Amino acid sequence: MINTVALVVVGSFQAVFIVATLVLLIAAHRHGRREGAADEAAVDALRGPVRALMLGEDHGESLAATLAQLDHVVATRRLLSIAVSQLAPEQLRDLAARVRPAAWVERTLAGGASRRWWKRMEAARLLAVVNSPADLPLLARLLTDPHPAVASAATGAIAGHADAALIEAIIRGLSEQPTAVRLQQMRALRTHADVATRILVAQLDAGGRADQVRALVQLAETLGTPGALAATVPFASHGDAEVRATVARALRLCFMPAGVEAARRLLADTDWRVRAAAARALGGLSAVDAIPDLRAAMRDEWWWVRFRAALALGALGEDGASALAAATSSDDEFARDMAVVVRDLPESARLELST
Amino acid sequence: MCLDHEAGSDAAGDVAKALMKNSSRTSVADRRAAEPKDSEPRRAVREAPDVLLVDDDTELAGMIAFGLESAGYSVKTYDSGPEALIALLALPTRGLPRLLLLSVDLPGMDGHTLHERLQTARPARFIVAFLSDRDSNTDQVRALMAGAVDYLAKPVSIPVLIVKVDTWLSRD
Amino acid sequence: MISIHGAHEVALAVIHAVEPPIVIFMLALNSFYALMLILSIPQLLRHWRIADDANLRLLRAANVIPPLSILVPAYNEESTIVASVLSYLSLEYPQHEVVVVNDGSTDATLQRLIETYDLVKVPAAYPTVIPTKPVHAFYRSTVHAKLVCVDKVNGHKGDALNAALNAARYPYVLAVDADTFIERDALLRLARPFLLGQQVAAVGATIRISNGSIVEHGRVVGAHVDSRWLPGIQTIEYLRAFLFGRLGWNRLGGGLIVSGAFGLFKQEHLHAIGGYNAGTVTEDLDLVVRLHKYLRAAGSADIVTFVPDPVAWTEAPVTLKVLGAQRERWHRGLIATLVKHKNMMFNPRYGVIGLVAFPFYALGEMLAPVVEGLGYIVLLVSLALGAIDYRFAVAFLGVSMGYAFLLSLWAVALEEISFRRYSTKRDLLKLLWFSVIESFGYRQLTLWFRLCAFPRYLRGDMRWGVMTREGPRAPAHRATRTAT
């Protein structure tokens with residue numbers, strides 16, 4: 001039998017916890033209200049200066065001055081919110097140069113060395129707006145931060161630094177990053193397409209593990225520069241099917257004879273994902289010469305290869321269309337069915353499905 | 001489609017006109033496919049290309065040209081401002097307006113200046129679109145005010161560019 | 001023949017024997033909930049730190065999150081379908097499509113869609129990976145490129161979802177109930193695990209009760225707590241369940257529930273397990289259990305995770321009849337799923353799921369109403385027989401209610417610290433009031449509803465016997481989907 005006294009003891013502990021939680025609740029409520037009010041006041045105070053900057057009445061002097069009067073946390077939050085809204089790039093650069101020396105900026109950026117990841121994230125996000133050449137070492141550190149949210153936030157600052165060493169470090173680290181961060185960093189590198197292409201081509205020439213090569217090929221696709229795309233072509237015969245599939249995907253942007261040639265070869269790959277991506281690339285490249293290959297691909301054993309091949313034929317003008325029409329009376333029932341499906345799709349649906 | 005204002009058009013103009021009439025009924029893709037079949041007009045088109053591309057990044061220019069050529073256009077590229085200006089002014093003044101894809105940072109003369117001089121010397125002879133590394137509002141406003149139809153920031157997506165070229169050249 | 005005195009003696013002996021286990025069970029269960037609560041706090045903070053609007057907008061602009069398909073099964077929804085579809089179409093996300101499945105509605109659901117969105121019949125350009133009831137036609141909207149619609153012969157809700165799974169183009173799918181209100185930025189919030197670098201097989205999110213809130217055009221614009229006791233108490237229940245129930249499990253790595261009303265899944269995994277199982281009562285729980293099984297078997301590193309942000313709102317039952325049916329069904333589904341997958345119980349092959357989550361759901365969740373019901377009976381009988389002191393009875397009831405109140409209070413406090421959706425003092429006071437009165441009546445009622453599930457399960461089990469099966473596999477390689 002459990003005795004009453006024990007229950008009373010448990011009950012008393014409960015009572016203490018309940019009171020403590022109630023106090024916490026009230027405190028949280030009050031704190032929330034105060035914070036909300038402070039934020040609103042800040043928004044009000046900043047409205048005029050933001051307008052002045054947007055309309056070109058000043059170059060952000062009044063905005064910088066108003067921000068300087070706010071608490072550093074609020075100022076950081078407000079500046080970030082202003083920066084993602086409709087400021088033109090040069091207005092943003094003007095503003096960044098003006099606020100960079102402010103004490104509140106220094107304070108938030110100092111959080112970049114904090115052990116708490118969210119402080120590092122705040123610093124990284126601010127850096128994306130205010131960054132100056134002096135911040136390069138901090139940026140390099142934050143870009144390789146173990147916390148993905150920090151590395152992702154720091155990505156925004158890449159545009160401000162055309163530093164070859166930094167870009168090389170980013171490119172080397174790409175294959176290690178989580179997908180979302182990798183994609184973000186790749187897109188950010190587009191602002192330094194020339195430098196990035198040079199480094200990328202050198203890295204591709206040097207080769208590496210399959211996952212590294214894949215990341216590099218993806219980067220080439222993202223950059224879309226002729227040099228980068230041309231450098232991916234030799235990897236169309238890589239031993240790893242995933243690499244070949246990535247190359248086949250990138251080839252749809254590779255508007256050069258070697259690109260078309262590689263895509264035609266990949267249409268006969270052993271892996272169906274590679275064949276599907278190659279069929280798509282040939283459609284995108286308007287490769288009329290590949291029509292016979294695509295007709296053959298309509299007999300592929302995989303649904304997706306047949307589908308991509310049919311869509312590609314549909315994108316290849318009159319010759320493609322007549323090849324597709326011919327396939328509707330093919331002796332292969334799968335090719336026939338697919339040809340009918342794609343023939344009957346409205347133009348808008350074809351477009352939607354082939355991109 | 002209204003092309004009647006073209007009184008005496010040259011051979012290339014006729015071909016383009018025929019192609020564009022075609023395009024008004026069928027899709028752009030059909031027109032693209034139709035073109036290479038007939039070798040005679042194609043050669044004529046080459047003498048006065050559909051698209052003139054001025055960019056000092058010759059690799060990129062090469063890729064854009066390949067893309068547009070696969071799509072059935074004839075393309076001529078120039079890699080410097082003054083060279084392009086001389087060549088453009090030497091083109092026949094009659095016939096259909098041609099598409100000029102222009103970069104801002106060019107050796108010798110920048111894209112804006114080239115654009116503005118052309119507009120003065122040959123008003124409405126060219127449909128001009130900018131392809132540029134520069135993303136500032138100032139550059140975009142200047143280009144559009146001077147009469148450019150579009151301002152594409154680099155990196156440019158070639159599939160998107162092809163579709164834009166389709167619409168620019170079949171407009172009017 | 002036993003004398004009355006003898007019967008009394010026996011009853012006392014029985015009571016003394018069963019009482020300690022009941023008390024210990026109740027204390028252990030509540031302590032476990034408290035543990036979950038503590039585990040949930042760091043998780044909550046982690047998400048809250050990057051729940052910021054500016055961040056979400058950047059995420060949208062950066063276009064780095066995978067495209068997804070929203071699956072909307074619709075059966076006789078003519079009055080709401082147009083508005084719900086519009087709200088799904090206008091969600092903020094870089095790339096998404098809406099796949100509506102008209103599951104053989106007998107009303108004008110399909111006609112409404114066709115008229116409003118100018119749907120036209122087009123060939124079904126997708127492979128049938130999961131077999132379903134026959135599909136009549138496939139439609140595309142000519143005004144919204146993001147909208148497609150499958151019209152099929154009526155089946156189970158799971159069958160409709162499977163048809164949608166076949167038609168979905170994108171690598172991730174989001175299953176929603178047509179009566180769920182979704183916040184505008186819900187999808188972006190749901191994508192946060194991608195930003196946290198997680199490899200995701202499924203993401204669940206917090207669902208709240210919409211009763212009492214202001215709803216405009218299929219969206220909750222002002223969150224408030226209903227003044228009526230039934231939805232009011234359910235608001236607290238949901239707060240508790242999502243804020244630390246699922247979040248706590250998430251920390252342990254044993255999330256078993258991704259709500260069918262709002263859950264994100266990696267499509268290729270659902271294809272691999274044959275989609276939803278048409279023979280189950282609660283297809284969402286069954287799906288997640290099978291998903292866990294599959295991930296283990298396939299050696300996949302993808303995880304089932306949870307985002308604490310309140311992103312979807314659902315209407316709670318306002319009558320006891322409907323509530324009773326809902327709770328009975330949920331509990332029956334729980335029993336059925338646990339029995340069906342009983343080989344996972346205490347199975348070290350399934351890690352935390354087999355060793356912690358399954359035993360907890362079986363011993364804690366599933367048996368809780370039985371033990372608690374027994375507790376009430378023993379308490380009443382002992383009091384009647386004078387076997388225990390009334391002070392002990394009061395103290396025991398007080399402690400168990402105290403636990404319940406403390407947990408509710410914590411949930412309210414966590415909400416106030418993190419998301420602060422119920423921001424007025426009035427709403428907070430209502431929440432506290434409902435936390436107190438929950439123990440008097442509501443708790444016992446839901447206990448009864450859940451108990452009703454046992455006999456129905458035992459009766460119904462025979463019927464399901466034949467239908468309970470792993471989802472059929474796709475006919476080999478001629479119809480498999482690329483991950484693009």
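**Entry 1: helix H5 of chain A**

I began with the face of H5(A) turned away from its buried side, and I found that it carries the exposed residues Ala103(A) and Glu106(A). I noted the terms: a residue is buried if 20 or more other C-beta atoms lie within 10 Å of its own, exposed if 12 or fewer, and partly exposed in between, with C-beta atoms placed from the backbone. Helices (H or I, at least four residues) and strands (E, at least two) are DSSP runs, numbered from the N terminus.

The model is predicted: local features need pLDDT of at least 70, side-chain atom pairs count only at pLDDT 80 or more, and totals for chains, interfaces and linings use all residues. Residues are numbered from 1 along each chain as its sequence is written, and chains are lettered from A and ligands numbered from 1 in the order in which they are written.

Which residues of H5(A), residues 103-110, are buried? I listed Trp104(A), Val105(A), Thr108(A) and Leu109(A). They lie on the same side of H5(A) because they cover an arc of only 135° around the axis, the arc being that of the directions from the helix axis to the C-beta atoms. I recalled that an α-helix has 3.6 residues a turn, so residues three or four places apart point the same way. Among the elements of chain A covering the buried residues of H5(A), I noted helix H3 (72-84) and helix H6 (117-130).

**Entry 2: strand S6 of chain C**

I then looked up S6(C), residues 172-176, and found 5 of its 5 residues buried. Tyr172(C), Leu174(C) and Val176(C) point one way from the strand, and Val173(C) and Ala175(C) the other way.

Strands pair if DSSP finds at least two bridges between them. Strand S1 (residues 68-74) of chain C runs parallel to S6(C), joined by 4 bridges; here Ile70(C) stands opposite Leu174(C). Strand S11 (residues 262-266) of chain C runs antiparallel to S6(C), joined by 5 bridges; here Val176(C) stands opposite Phe262(C).

**Entry 3: contacts of chain A**

How many residues of chain A are in contact with chain B? I recorded 25, against 22 residues of chain B, where contact requires C-beta atoms, placed from the backbone, within 7 Å. H19(A) gives the most to this side of chain A, with 4 residues.

The contact between chains A and C takes 47 residues from each of them. Helix H1 (residues 4-54) gives the most on the side of chain A, with 15 residues.

Key:
Contact = placed C-beta atoms within 7 Å.
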